Amino acid sequence: MNTPPLLQVEHVSKSFGGNHVLQDVNFNIARGEIVGLLGPNGSGKSTLLNLVTGFGSIDGGKIDFDGQNIGSLPAHRIVNAGIGRTFQLPSMPKKMSVMEVAMAASTSHHGVLATVFGSGGARKAEADAHAKATILLEQLLLTHVRDLPSSALSGGQKKLLGIVCALMSDPRLLMLDEPTAGVHPNLRNDIVQSLRKLNKAGMTLVIVEHDMHFIREVCTRCIVLDRGRIVASCHPDELASNEHVVQAYLGSAEKREPAEPAKVAEVA
């Protein structure tokens, strides 16, 4: 018996005024996959990520996560359902330490209540959040900066802290928006190793990324968008020989015919 997909996107569309950003998008993500979401600038990648994670509303279609329709849910309920995400340009509070930012991302942390009301339950939630943040900061190699202002981190360290924050809610699906863009090569390697460890522990990952070397290192499958439609779903090694992918990245927009949706195989 086939295992149902963890994430199922069916006939999703999104427009901003007369600009049709996504058109009849269909794909599945199986449990345990690491999927790269690729496409040239303006192809709809970030919009699709926003729709799945509740930072935008779909115009049509359906998004199911683990059998639950999440297409109309707000972002906080999607987090509670089990989807975490990072952002391309993470912005950190200037007056909060790295540890405080990580703890604030916990969905069960109510440190303010513990301070004001002396609630035993809130104090336990704060202690649990601190313990979880300590473990994640160690795993993402940020222990040595845990007491620094989060705004003082390098761009790569902020990306790592963004992953820590997303993991504080114990997601089953983690969606990352360009996690290595602008990152120093040493930290880039740290991110690669961290994502591999997360996947080995059972985490499903969807990664928006332009770095093709990173995609080949990390991903087990790639989904390629071009002008709001999926034009390919394939192994990273097949990207260079896929006509639709080459055309999407290198072809002249004036000379190309409108993008045709690819026949995306169902993932068991």
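## Exercises on a predicted model

The structure holds ten salt bridges. The model is a predicted one.

### Exercise 1. Salt bridges

**Task.** Find which partner Asp-66 has in a salt bridge, place both residues in the chain, and state how exposed they are.

**Solution.**

1. Start with the distance. Asp-66 pairs with Arg-172, and their closest N and O atoms are 2.5 Å apart. The cut-off for a salt bridge is 4 Å.
2. Place the residues. Asp-66 is in the loop between β4 and β5 (68-69), and Arg-172 is in the loop between α6 (155-167) and β7 (173-177). The pair links distant parts of the chain, 106 residues apart.
3. Check the cover. Asp-66 has a relative accessible area of 34%, so it counts as partly exposed. Arg-172 is at 35% and is also partly exposed.
4. Extend the pair. Asp-66 and Arg-172 belong to a network of salt bridges that also links Arg-31.

**Task.** Do the same for Asp-170: which lysine does its side chain meet, and where does that lysine lie?

**Solution.**

1. The partner is Lys-132, at 2.9 Å from N to O.
2. Lys-132 lies in helix α5 (residues 120-139), while Asp-170 is in the loop between α6 and β7. They are 38 residues apart.
3. Asp-170 is exposed, at 54% relative accessibility. Lys-132 is partly exposed, at 25%.

**Task.** Explain why the salt bridge of Asp-211 and Arg-188 ties together separate parts of the chain.

**Solution.**

1. The side chains of Asp-211 and Arg-188 meet at 3.2 Å, N to O.
2. Asp-211 is in the loop between β8 (204-208) and α8 (212-218), and Arg-188 is in helix α7 (residues 185-200), so the bridge joins parts 23 residues apart in sequence.
3. Now the cover. Arg-188 is at 15% relative accessibility, under the 20% limit, so it is buried. Asp-211 is partly exposed, at 24%.

### Exercise 2. Rings and a charge

**Task.** Count the aromatic pairs and work out which class of geometry applies.

**Solution.**

1. The count is one aromatic pair.
2. The rings are those of Phe-55 and Phe-87, with centres 5.4 Å apart. The limit is 6.5 Å.
3. The planes stand at 85 degrees, over the 60 that edge-to-face needs, so the pair is edge-to-face.
4. Phe-55 is in the loop between α1 (45-52) and β4 (60-65). Phe-87 is in the loop between β6 (83-85) and α3 (98-104). The two are 32 residues apart, and the pair links distant parts of the chain.
5. Phe-55 is partly exposed, with a relative accessible area of 45%. Phe-87 is partly exposed too, at 40%.

**Task.** Find how far the charged end of Arg-85 is from the ring centre of Phe-55, then look at Phe-87.

**Solution.**

1. The charged end of Arg-85 sits over the ring of Phe-55, 5.1 Å from the centre.
2. Arg-85 also lies over the face of Phe-87, at 4.0 Å from the ring centre.

### Exercise 3. Cysteines

**Task.** Count the disulfides, and explain why Cys-222 has no bond to Cys-219.

**Solution.**

1. The count is zero disulfides.
2. Cys-219 holds the cysteine sulfur closest to that of Cys-222, at 5.3 Å. A disulfide needs 2.5 Å or less, so this is too far for a bond.
3. Cys-222 is buried, at 0% relative accessibility.

### Exercise 4. Helix α1

**Task.** Decide whether α1 is mostly covered or mostly open, then follow Thr-47.

**Solution.**

1. Six of the eight residues of α1 are buried, and the helix is mostly covered.
2. The buried residues are Lys-45, Thr-47, Leu-48, Leu-49, Leu-51 and Val-52.
3. Thr-47 is at 17% relative accessibility, and so counts as buried.
4. Beyond its neighbours within four places in sequence, Thr-47 contacts Lys-14, Phe-16, Val-21 and Leu-22.
5. After the helix comes Gly-54, with a positive phi near 85 degrees.

### Exercise 5. The whole chain

**Task.** How many helices and strands does the protein have, and what share of its residues is buried?

**Solution.**

1. The secondary structure comes to nine helices and ten strands.
2. Of the 268 residues, 48% count as buried.
3. Take the contacts with a separation of 6 or more. Residues 24 or more positions apart account for 68% of them.
4. The protein exposes about 13200 Å², and carbon and sulfur atoms supply 53% of that area.

Technical notes
Residues are numbered from 1 along each chain as its sequence is written. This is a predicted model: local features need pLDDT of at least 70, side-chain atom pairs count only at pLDDT 80 or more; totals for chains, interfaces and linings use all residues. Side-chain values use heavy atoms; hydrogens and water are left out. Rings of Phe, Tyr and Trp (its six-membered ring) pair if their centres lie within 6.5 Å; planes under 30 degrees apart count as stacked, over 60 as edge-to-face and the rest as tilted. Helices (H or I, at least four residues) and strands (E, at least two) are DSSP runs, numbered from the N terminus. Buried means under 20% relative accessible area, exposed over 50%, partly exposed in between (1.4 Å probe, protein chains only). A charge sits over a ring if NZ of Lys or CZ of Arg is within 6 Å of the ring centre and within 35 degrees of the ring normal. Contact means heavy atoms within 4.5 Å. Accessible areas come from the Shrake-Rupley method with a 1.4 Å probe; for residues, only the protein chains shown count as cover.
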